[in-house]
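Please open the model in your viewer and keep the selection panel at hand. The tour starts at the ligand and then moves on to one residue of a strand.

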Amino acid sequence: MSHSAEHIPISDHFLSNQLVEEMQADIRGRFLINEPMSGHTSFRIGGPASLYAYPGSIEDVSKLIKFCVSKGIQYTIIGYGTNMLVSDMGFDGCVIDLAESCRNIDIDGNRLIAGAGQWGNDIVRKAAENGLGGLEKLSGIPGGLGGWLKMNCGAFGSSISDHLISTNVICNEGKIQTISKHDAKYSYRSSTGLDGKTIFGAEFLLVPEKSEKLLQVVEDTITERYRRNIMTLPSAGSLFKNPPDNYAAKLIESVGGKGMQFGGMEISPSHANFAINTRGGTASDVVDLINTIKMLVQDNHNIELELELQLLGFNDEI
Ligand SMILES: Cc1cc2nc3c(=O)[nH]c(=O)nc-3n(C[C@H](O)[C@H](O)[C@H](O)COP(=O)(O)OP(=O)(O)OC[C@H]3O[C@@H](n4cnc5c(N)ncnc54)[C@H](O)[C@@H]3O)c2cc1C
């Protein structure tokens with residue numbers, strides 16, 4: 001997701017310094033210039049963001065969005081960068097990171113209210129410790145609550161939207177809104193009702209259960225993930241969504257994708273929908289892998305694979 005149709009280039013060092021000075025006059029937070037995105041993505045790939053901001057509070061997030069819109073600066077929100085491919089050229093705009101704000105987890109009866117900058121697994125564990133069930137099958141998925149909600153992440157038959165009541169967002173004009181689960185239009189790895197919005201928190205209605213039982217499911221789920229997935233290598237999770245009634249990994253394997261290499265990137269020999277950065281891979285290596293696999297699957301199965309991976313800093317479709 002990146003915003004602003006007409007945007008101004010801000011990669012010039014003098015201009016970005018000037019913008020940071022203007023931001024700091026009214027907005028609390030940390031502002032970095034020319035920040036390498038490879039340090040903010042699980043792929044360990046990506047050129048520099050002209051500006052990288054950690055606003056200090058929700059109010060500061062809202063002010064920063066208004067500032068970007070008023071100046072014509074393109075902006076995007078990052079969670080923990082675990083489903084993102086940033087181009088080798090980087091992103092000529094402002095990346096907004098909520099990891100230093102929006103970090104609350106509050107429990108009120110069967111309701112759990114959490115901030116978008118919170119690491120998702122900490123929310124799952126806190127719910128389980130407090131005897132609240134419904135999130136435990138998501139254990140081990142990397143990322144923050146904002147990214148989890150935007151991507152409608154899921155595993156083992158559960159998804160983050162299952163027990164959701166509503167999401168708190170800031171829209172392009174900086175206004176705060178509450179969006180119901182229905183209006184967020186959740187479907188498989190998608191939440192079209194949240195497009196163009198910055199999520200800063202959400203409320204869930206969970207199911208009372210014995211805490212020991214839930215914590216055991218958390219442990220078992222993590223063990224199972226590590227057995228099945230490639231959890232410790234630099235990847236961004238699944239490259240492609242599963243097509244209806246099919247599995248992307250199965251299709252990729254059937255066209256000989258496992259182990260395919262471009263530059264420093266390789267399709268995992270154990271999970272065909274995961275690309276692994278084995279030796280200093282670049283975004284352009286990932287793009288080569290994606291396009292080759294898409295072509296092979298299209299030619300052999302007449303199925304057009306859709307990317308799950310989110311792209312940042314690419315001018316056109318890759
Ligand atoms: C090893 C590994 C295993 C994985 N396994 C799974 C799995 O089992 N199931 C699954 O569903 N996913 C999986 N993923 C993918 C990833 O963890 C999820 O997509 C997760 O939801 C991304 O969260 P994030 O905070 O890292 O988001 P990011 O990657 O930072 O962002 C993803 C998208 O969400 C947007 N976004 C992030 N935060 C906000 C916000 N606050 N407001 C608005 N938009 C926002 C970004 O702009 C971007 O478009 C895996 C990834 C890895 C690396």
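A polar contact is a pair of N or O atoms within 3.5 Å; within protein, one must be able to donate a hydrogen and the other to accept it, and residues adjacent in sequence count only if both atoms are side-chain atoms. This is a predicted model, in which local features need pLDDT of at least 70 and side-chain atom pairs count only at pLDDT 80 or more, while totals for chains, interfaces and linings use all residues. Residues are numbered from 1 along each chain as its sequence is written, and side-chain values use heavy atoms, with hydrogens and water left out.

Select the ligand first, and then Gly144, where a backbone N or O atom lies 2.8 Å from an oxygen atom of the ligand. Add Trp148, whose backbone N or O atom is 3.4 Å from a ligand oxygen atom.

Next, display the shell of 36 residues that surround the ligand (a heavy atom within 4 Å). Helix 4 gives the most to this shell, with five residues; helices (H or I, at least four residues) and strands (E, at least two) are DSSP runs, numbered from the N terminus. Colour domain 1 (13-97) and domain 2 (105-228), with bounds from an automatic or database domain assignment: both give residues to the shell, so the ligand lies between them.

Finally, select Glu203, which is placed in strand 15. Its side chain is joined to that of Arg111 by a polar contact of 2.6 Å. The C-alpha atoms of Glu203 and Ile107, 96 residues apart along the chain, are separated by 9.7 Å.
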